[in-house]
Amino acid sequence: MCGIVGYAGTAPANGTSTAAGHQALDVLMEGLRRLEYRGYDSAGVAVVANGEIAMRKKAGKLANLTAELAASPLPDSMTGIGHTRWATHGGPTDKNAHPHVVDDGRLAVIHNGIIENYAPLKAELVYQGHTFISDTDTEVAAVLLGEIYRSLPADESADGARLTRAMQLASQRLEGAFTLLAAHAAHPGTVVASRRNSPLVVGLGDGENFLGSDVSGFIDYTRRAVELGQDQVVTITAATVAITDFRGEPAEGREYLVDWDAAAAEKDGFPSFMEKEIHDQPEAVAQTLLGRSDIDGKLTLDEMRIDADVLKTVNKIIVLACGTSAYAGQVAKYAIEHWCRIPTEVELSHEFRYRDPIVDDKTLIVSLSQSGETMDTLMAVRYAREQGAKTVAICNTNGSTIPRESDAVLYTHAGPEIAVASTKAFLAQITAAYLLGLYLAQLRGNLFQGQIKDVLADLAKVPAKIAQVLENDQQIKDLARSMADTSSVLFLGRHVGFPVAMEGALKLKELAYIHAEGFAAGELKHGPIALIEEGQPVIVVVPSPRGRDSLHSKVVSNIQEVRARGAKTIVIAEEGDESVRAHAEHVFYIPETTTLLAPLLATVPLQIFACELAMAKGYDVDQPRNLAKSVTVE
Ligand code: M6R
């Protein structure tokens, strides 16, 4: 939630560009363009120029700010901060947009997160005579920072020691989750930032340095990044990056090289990131499999930093995740229990912590998160660690908080996922979770090496099969376009098809704003069948007839049950499964694979369906309403 970018470049040599070649505003706007997926309720920028703060902000998408800047340009500058907002406290208005400028217009502040103690702080500041313009918690942090700044001895040094000290002291007083960035008119070459429970990454340039909520905020300029620890303050100038803790003690971050570049974060000729990312899926699965097993199928997960002996004693696995990632976890549960014989629960992260869960040192927590920043999952992982559990993160974002705070990490190599609705990360998460399951089975001796090798061989064939589904997408697209007026769609599945059905329903809700529900097909007769009336579309994920026969025939019976009551049945089935034809208005075939691997194929037509239907309705599939890509507040 909320995208944040900061920039400190070298002083302009000729008045039009910095020595490093960049105007602060260009860097900020490019960063915001790439970070807009994190929130698009409003956007704003502030630069330090001519001993003053110059600021523009506007409610709505970034395009509104761009128009505002064209109408009312900002002066040249080498220093600035920018923000794209997902509203929490205060509606999405101009007034509540960031930056918030205080200290007689000399201090600009932007924020991501929630300041939980903003109410008592605000009361204290009001008592001291401060007034507030916005309804945000951010303005409280800004006023507090300004108040502390003014109370410190004057210091006009270029490295902004006074602003840094003020940020350290202000951060000590704030509770909750925050990334704060501040620029002050008195310190033209400096941006100071602070983070607690909220993401912030430093970008290292040549004669310029950057700050971003994630690396896409500066990927056009550098791939060298530094991840910050919890409760740290960082001060950047064009030449320096200084990190401390909140008390002012020097601290260090971990430098790393981002393994993708700006081109990977572009649309690649597709009209939307969503369509591009759906088409990235063969590569996402292939990359996630790459280099993780030898010729004999022996798995080596080198990011696995938990002792083999500890893993052998695990007697329970709890998968923690939210949204699409939780559905990936539900798919993985079937495989992990089948291969490892370890009881596996899947729990929504935000529910887990509040039910007094039974967790101990024999529990293995597997968190699934594309962003690695989902606050609900981060808090659940922290809680589990405190109870003594070992934690493995399956994550798509190098350097993000959840893997950093976990005992081990298995990165999905899906590449940057920009569209707010998750697609390629889902398939990559299932793939990575399967690798983890196979690794545990190998370690604990639940499967023979040959069996593991066979599963890996089947997995290796999946990317080409996904590509096949993508090549034959016209039929599902045509159907989606013909259903643009539909008001409700039900999805049914059994076994691994059940979470696939729920994921199909979530995609349709998110993208096309259509009421959609995913049900376990067997649950239908326990209530949901009452929803079926003449013409109700029902999409059914049918398992392979080559798998356990009872499963296939039970689902075929479920199709018949809803059809008998007037449903319009749309079926995803395996190539060659003629038995479903008689019961379906539309059949979409996916290539043959094993039952456990079928979700990697069956999900794809459902993604295409939701995306195409949303586009037929004229919706923005990359930035659906009310959503943000990384949910960094609880
Ligand atoms: O970054 P994460 O995987 O932790 O995000 C979890 C969910 O917020 C995310 O999957 C969300 O449900 C997406 N909008 C789904 O498309």
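**Figure 1. A look into the largest cavity, which has a volume of about 190 Å³.** Keep in mind throughout that this is a predicted model. A set of 20 residues lines this largest cavity, and V542, P543, S544, T595 and A598 are the ones closest to its centre. If you want to trace the lining back to the fold, look for α16, β23 (568-574) and α18 (599-616), each of which gives two or more residues to it. Sorted by class, the lining of the largest cavity comes out as 12 nonpolar, 6 polar and 2 charged residues.

**Figure 2. Now for the second largest cavity, with about 70 Å³ of space.** The count of cavities of 30 Å³ or more comes to 2. Around the second largest one you'll find C2, R85, W86, T88, H89, H98, H111, N112, G113, T136, D137 and T138. Two elements, β6 (107-115) and α4 (137-151), each put at least two residues into this lining. Of the elements, β6 gives the most, with 3 residues. The class split for the lining of the second largest cavity is 2 nonpolar, 8 polar and 2 charged.

**Figure 3. Here's the ligand, sitting in the second largest pocket.** Two helices, α9 (323-340) and α16 (497-512), are the elements that give two or more residues to the shell around the ligand. The largest share, 3 residues, comes from α9. You may recognise α16 from the first view, as this helix also gives two or more residues to the lining of the largest cavity. By class, the shell around the ligand holds 3 nonpolar, 8 polar and 2 charged residues.

**Figure 4. Zooming in on the residues that come nearest to the ligand: S325, S369, S371, T374 and E510.** They belong to a group of 13 residues around the ligand. Start with S369, which has a polar side-chain atom 2.6 Å from an oxygen atom of the ligand. For S371, a polar side-chain atom likewise lies 2.6 Å from a ligand oxygen atom. Then there's E510: an N or O atom in its side chain is 2.5 Å from a nitrogen atom of the ligand. How much of the ligand does the protein bury? Taken alone, the ligand exposes 410 Å², and the protein buries 91% of that.

Notes: Residues numbered from 1 in each chain as written. Predicted model: local features only at pLDDT ≥ 70, side-chain atom pairs only at ≥ 80, totals over all residues. Heavy atoms only, no water. Near = heavy atom within 4 Å. Polar contact = N/O pair within 3.5 Å; in protein donor to acceptor, adjacent residues only side chain to side chain. Areas by Shrake-Rupley, 256 points an atom, 1.4 Å probe, with all protein chains shown as cover. 1 Å grid on protein atoms, 1.4 Å probe; cavity = no way out; pocket = protein on both sides within 12 Å on 5 of 7 lines; lining within 4 Å. Sits in = over half its atoms within 2 Å of the grid points. Helix = DSSP H or I, 4+ residues; strand = E, 2+ residues; numbered from the N terminus. Nonpolar A, V, L, I, M, F, W, Y, C, P; charged D, E, K, R; others polar. Points joined across faces, edges and corners; volume = space filled by probe spheres on them.
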